[in-house]
Amino acid sequence: MAIDVALVTGRPLLVHGPAGSGKSSLGPNVARELGWDWGVEVVSARTEPEDLLWRFDALQRLNDAQAMRLNPDDQHYYRPGLLWRAFAAEGRFVAVIDEIDKADPDIPSSLLRPLGSLTFETPWGHVVTADKEQPPLIVITTNNERQLSRPFLRRCVTVELQAPDPDHLRRVARCHLRDEYDADVVDGLIALMGDDPDGLPSTAEFLDSVKASIQLGITPGSPKWNQLAAVTLLKTLSEGRTR
């Protein structure tokens with residue numbers, strides 16, 4: 001429902017939930033399902049407010065200046081950012097802004113107008129506008145490490161993903177493995193994870209464990225069984241703790 005609403009309204013889809021719930025993979029999976037192009041930008045503390053719109057290629061400009069072939073028009077050295085590519089795409093596009101809460105608070109604030117109007121202006125006055133009839137799907141993920149502003153939240157459709165439970169992991173394993181599905185391996189790995197929701201692995205980690213077990217011929221109770229779990233699921237830390 002959240003995806004459908006975001007698609008018909010042109011509003012960004014803000015996705016939150018615990019680690020391993022599939023936030024980062026939601027956008028690419030929607031793109032593959034719909035046959036759309038997609039791109040992703042992982043936000044960090046070093047991300048600048050304009051990076052999602054454009055980037056100035058200072059290194060290329062410096063190289064050109066040293067080689068005596070500097071283009072006098074600085075516009076030549078601007079590169080489209082993720083939202084520019086999404087707005088200007090000829091077909092439908094899914095843009096994933098991953099981990100927005102890791103950014104400086106100026107980042108969400110700087111996106112209020114572009115996300116609200118699906119348009120922005122470049123430094124040289126060119127206006128980039130998305131097709132309002134076929135807008136891109138903007139998927140923004142957050143780990144809730146920093147509170148997002150109310151104006152930003154008002155511009156988004158929101159959905160919370162839940163941590164994968166054992167039944168979910170079984171269904172995913174069946175879909176991925178099909179004829180290779182081995183119930184003993186799947187149930188054996190689930191039993192190793194215990195009942196603590198915080199201790200459950202991501203779906204990707206679980207699938208890695210199942211696939212490795214089947215392809216390497218490692219069965220529950222065999223000498224290598226616990227070794228497999230240690231490197232794929234339990235992730236023993238150097239301090240002696242396990243996740």
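**Figure 1. Asp51 and its salt-bridge partner Arg55.** Asp51 counts as buried in this predicted model, because its relative accessibility of 11% is under the 20% limit. Its partner here is Arg55: the two form a salt bridge whose closest N and O atoms are 3.9 Å apart. Arg55 counts as partly exposed, at 34% relative accessibility. Look for Glu41 as well, since Glu41, Asp51 and Arg55 are linked in a network of salt bridges. For the wider picture, the count of salt bridges comes to eight.

**Figure 2. A salt bridge between two loops, Glu145 with Lys102.** In this view, Glu145 and Lys102 form a salt bridge, with 3.3 Å between the closest N and O atoms. The pair links distant parts of the chain, 43 residues apart. To find Glu145, go to the loop between β8 (137-142) and α7 (150-154). To find Lys102, go to the loop between β5 (93-98) and α5 (106-110). Glu145 is exposed, because its relative accessible area of 54% is over the 50% limit. Lys102, with a relative accessible area of 29%, is partly exposed.

**Figure 3. A salt bridge from helix to helix, Arg170 with Asp187.** Here the closest N and O atoms of the salt bridge between Arg170 and Asp187 are 2.9 Å apart. Arg170 belongs to helix α8 (residues 166-177) and Asp187 to helix α9, so the salt bridge ties together parts that are 17 residues apart in sequence. Arg170 counts as partly exposed, with 22% relative accessibility. Asp187 also counts as partly exposed, and its relative accessibility is 35%.

**Figure 4. Where helix α9 crosses helix α10.** Staying with α9 (residues 183-193), we now turn to α10 (residues 203-216). The axes of these helices come within 10 Å and cross at roughly 135°. That angle makes α9 oblique to α10, and their crossing is right-handed. On the α9 side, the residues in contact are Val185, Val186, Leu189, Ile190 and Met193. They meet Phe206, Ser209, Val210 and Ser213 of α10. Sorted by class, this contact has seven nonpolar and two polar residues, with no charged ones.

**Figure 5. Where helix α9 crosses helix α11.** How do the axes of α9 and α11 (residues 225-234) cross, and at what angle? They come within 11 Å of each other and cross at roughly 65°. The two helices are therefore roughly perpendicular to each other, and the crossing is right-handed. From α9, Val185, Gly188, Leu189, Leu192 and Met193 take part in the contact. From α11, the residues they meet are Trp225, Asn226, Ala229, Leu233 and Leu234. By class, the contact of α9 with α11 has eight nonpolar residues, two polar ones and no charged ones.

**Figure 6. Thr203 and the residues it touches.** Our last stop is Thr203, which has its place in helix α10. Is Thr203 buried or exposed? With a relative accessible area of 17%, Thr203 is buried. Leaving aside residues up to four places away in sequence, Thr203 touches Gly20, Pro164, His168, Leu169 and Val172.

Technical notes:
Residues numbered from 1 in each chain as written. Predicted model: local features only at pLDDT ≥ 70, side-chain atom pairs only at ≥ 80, totals over all residues. Heavy atoms only, no water. Axes fitted to C-alpha atoms, helices over the stretch in contact; angles between N-to-C directions. Helix = DSSP H or I, 4+ residues; strand = E, 2+ residues; numbered from the N terminus. Parallel < 35°, antiparallel > 145°, perpendicular 65-115°, else oblique. Left-handed = near helix turned anticlockwise from the far one by under 90°. Contact = heavy atoms within 4.5 Å. Nonpolar A, V, L, I, M, F, W, Y, C, P; charged D, E, K, R; others polar. Salt bridge = Lys/Arg side-chain N within 4 Å of Asp/Glu carboxyl O. Buried < 20%, exposed > 50% of the residue type's maximum accessible area, 1.4 Å probe, protein only.
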